[in-house]
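Biologist: I have not looked at this structure before. Could you show me how to read its features one by one?

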Amino acid sequence: MTHAIHDFGAKLRQPGAAPTLEAYVNWRRSVRDARAAGDATPPAPDLAPVSINLDLTTACNFKCTHCIDWDILNSKPRLDMDDLRASLRRMSEHGLRSVILIGGGEPTVHPGFVELVAYLKQLELSVAIVSNGSRGERLLEVAPMLTKGDWIRLSLDSGSNELFEAMHLPNDKSVTLDVICSWIPKIRAANPDVTVGFSYVVVWKGASREENAIHENIHEMFLAAERAREAGFHYIGYKPVLERQADGAEVMDPERAANHVTEVASRIRAEVERARALESGDFSVYESINLRLLESGDWRQATLQPKTCHMQALRQVLSPMGAYNCPAHRGVDKARLGDAGNWATDEGAARAGEHLATILDEFDASHECAQVTCLYHGVNWWIEDLIADADAPAIPMGAEAGDYFL
Ligand code: SF4
């Protein structure tokens with residue numbers, strides 16, 4: 001399943017996304033040809049991204065010591081919910097297929113969270129929710145609205161109540177790992193079609209600039225897997241901690257810990273293998289591509305991006321600070337695509353197309369993402385080749401898997 005989740009080429013060839021991909025590739029070919037001929041550049045087609053990350057709020061009720069969005073948390077900008085709803089409607093009419101309600105804040109603390117999930121399902125969009133789990137009652141409230149293929153993933157990163165509290169510093173001390181896990185059977189009973197995951201960001205000394213604030217958690221990886229299985233999660237997923245560099249990019253930086261990265265990787269491997277012994281028909285253990293790259297030591301390959309990142313057109317971030325080209329650059333000025341509510345009107349959508357055309361030209365991913373171990377590395381090069389080969393046959397349509405999350 002790890003591979004299917006990250007096979008973005010297959011996702012983009014599904015019937016619901018292939019027309020967007022094809023229109024994008026044809027547009028980029030026509031831009032290239034027009035430039036070669038000295039003609040005017042054709043405008044962007046009226047295409048919404050296939051998938052968005054939607055940061056409903058920057059407010060958070062935790063103060064996680066390993067939080068990557070620390071600088072934007074609890075900042076002033078707010079989404080205009082009327083514009084957002086109008087934007088989502090229009091985007092859904094122009095190719096949007098999935099929405100991931102995710103961070104830079106905790107989505108469930110937004111007062112409009114439940115209503116918004118209902119609205120997204122009314123638009124027949126696939127919905128995923130990444131949450132800190134503190135508002136179990138709200139997750140339970142939206143669970144019956146979700147449909148097959150939708151998922152909820154809780155960022156928990158620990159196996160004991162003590163480490164959970166030390167790492168996450170919840171405002172409300174009554175929010176413990178035990179309490180969060182107690183909601184899982186209720187959520188599953190409310191909707192057996194929803195996949196519920198336990199996310200575990202692996203943190204170790206040397207992995208971050210904030211070494212003194214960091215709590216190592218490698219030693220609780222197995223304990224967390226036991227707990228996740230017992231609580232009724234469908235899976236536990238492990239990934240290494242990322243951090244923001246000075247220019248805002250979200251990176252994994254194993255070189256900082258180069259002198260003991262091999263030792264760290266082997267401790268992580270041992271815990272993952274122990275956890276794997278717990279797998280069953282109803283419980284899986286996943287490890288992220290970044291975890292494998294950390295272990296293999298060849299993460300550099302995944303940092304070699306084409307100059308133009310094509311995923312900027314196919315997957316974007318909407319947040320209270322605006323629209324951005326990629327989760328790895330959320331909140332960074334040079335990655336900004338305009339206002340989050342641009343798609344609310346015809347004029348705004350045209351502006352969004354202009355912003356996209358500009359950022360495709362000006363955002364040099366081979367430079368801006370040179371430290372990012374990018375999950376979209378392979379699909380970006382695949383699209384680059386499709387555009388380069390004007391004689392290529394039509395992009396073959398793939399099978400419908402019902403997974404449009406990018
Ligand atoms: S190359 Fe990767 S990290 Fe960079 S903008 Fe594109 S998807 Fe994001």
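Modeller: Bear in mind that this is a predicted model. Start with the sheet, which is open and built from 10 strands in the order β9-β6-β5-β4-β3-β2-β1-β10-β11-β12, with mixed pairing.

Biologist: Which are the edge strands?

Modeller: They are β9 (284-287) and β12 (336-338), each of which pairs on one side only. From one strand to the next, the twist averages 25°.

Biologist: How should I read the pairing inside the sheet? For instance, how many bridges join β2 to β3?

Modeller: These two strands run parallel and are joined by 4 bridges. To see one of them, find Ile100, whose bridge partner in β3 is Ala128. The connection is a β-α-β crossover: the chain leaves β2, passes through α5 and arrives at β3, and the crossover is right-handed.

Biologist: What comes on the other side of β3?

Modeller: There β3 pairs with β4 (residues 151-155), again in the parallel sense, over 4 bridges. Val130 stands opposite Arg153 in β4. Helix α6 (residues 136-142) completes a right-handed β-α-β unit with β3 and β4. Moving on, β4 is joined to β5 (residues 195-202) by 5 bridges, and these strands run parallel. Ser155 has Ser199 in β5 as its bridge partner.

Biologist: Is strand β3 mostly covered or mostly open?

Modeller: Mostly covered, since 5 of the 6 residues in β3 (126-131) are buried. A general point helps when you look along any strand: in a regular strand, side chains alternate between the two faces of the sheet.

Biologist: What is the matching idea for a helix?

Modeller: An α-helix has 3.6 residues a turn, so residues three or four places apart point the same way. Now look at α10 (residues 221-231), which lies across β5, β6 (235-240) and β9 and runs at about 170° to β5.

Biologist: Why is α10 described as largely enclosed by the rest of the structure?

Modeller: Because 8 of its 11 residues are buried. They are Met221, Phe222, Ala224, Ala225, Arg227, Ala228, Arg229 and Ala231. These residues pack against the helices α8 (177-182), α9 (184-190) and α11, and against the strands β5, β6 and β9. After α10 comes Gly232, with a positive phi near 100°.

Biologist: Which residues are buried in α12?

Modeller: In α12 (residues 289-296) they are Asn290, Leu291, Leu293, Leu294 and Glu295. They pack against β6, α11 (261-276) and β9.

Biologist: Loops are harder for me to read. Where is Gly104 found?

Modeller: Gly104 sits in the loop between β2 (98-102) and α5 (113-122). A residue counts as buried when 20 or more other C-beta atoms lie within 10 Å of its own. Gly104 has 27 within that distance, so Gly104 is buried. Sequence distance can also mislead: Gly104 and Pro327 are 223 residues apart along the chain, yet their C-alpha atoms are separated by 9.7 Å.

Biologist: Finally, which residues surround the ligand?

Modeller: The surrounding residues are Gln305, Cys309, Met311, Asn325, Cys326, Ala328, Ala365, Cys369, Val372, Cys374, Tyr376 and Asn380.

Biologist: How many residues of that shell are nonpolar, polar or charged?

Modeller: The shell divides into 9 nonpolar and 3 polar residues, with no charged ones.

Key:
Residues numbered from 1 in each chain as written. Predicted model: local features only at pLDDT ≥ 70, side-chain atom pairs only at ≥ 80, totals over all residues. Buried ≥ 20, exposed ≤ 12 C-beta atoms within 10 Å, placed from the backbone. Pairing = 2+ DSSP bridges. Right-handed = clockwise from strand over helix to strand, strands pointing away. Near = placed C-beta within 6 Å. Nonpolar A, V, L, I, M, F, W, Y, C, P; charged D, E, K, R; others polar. Axes fitted to C-alpha atoms, helices over the stretch in contact; angles between N-to-C directions. Contact = placed C-beta atoms within 7 Å.
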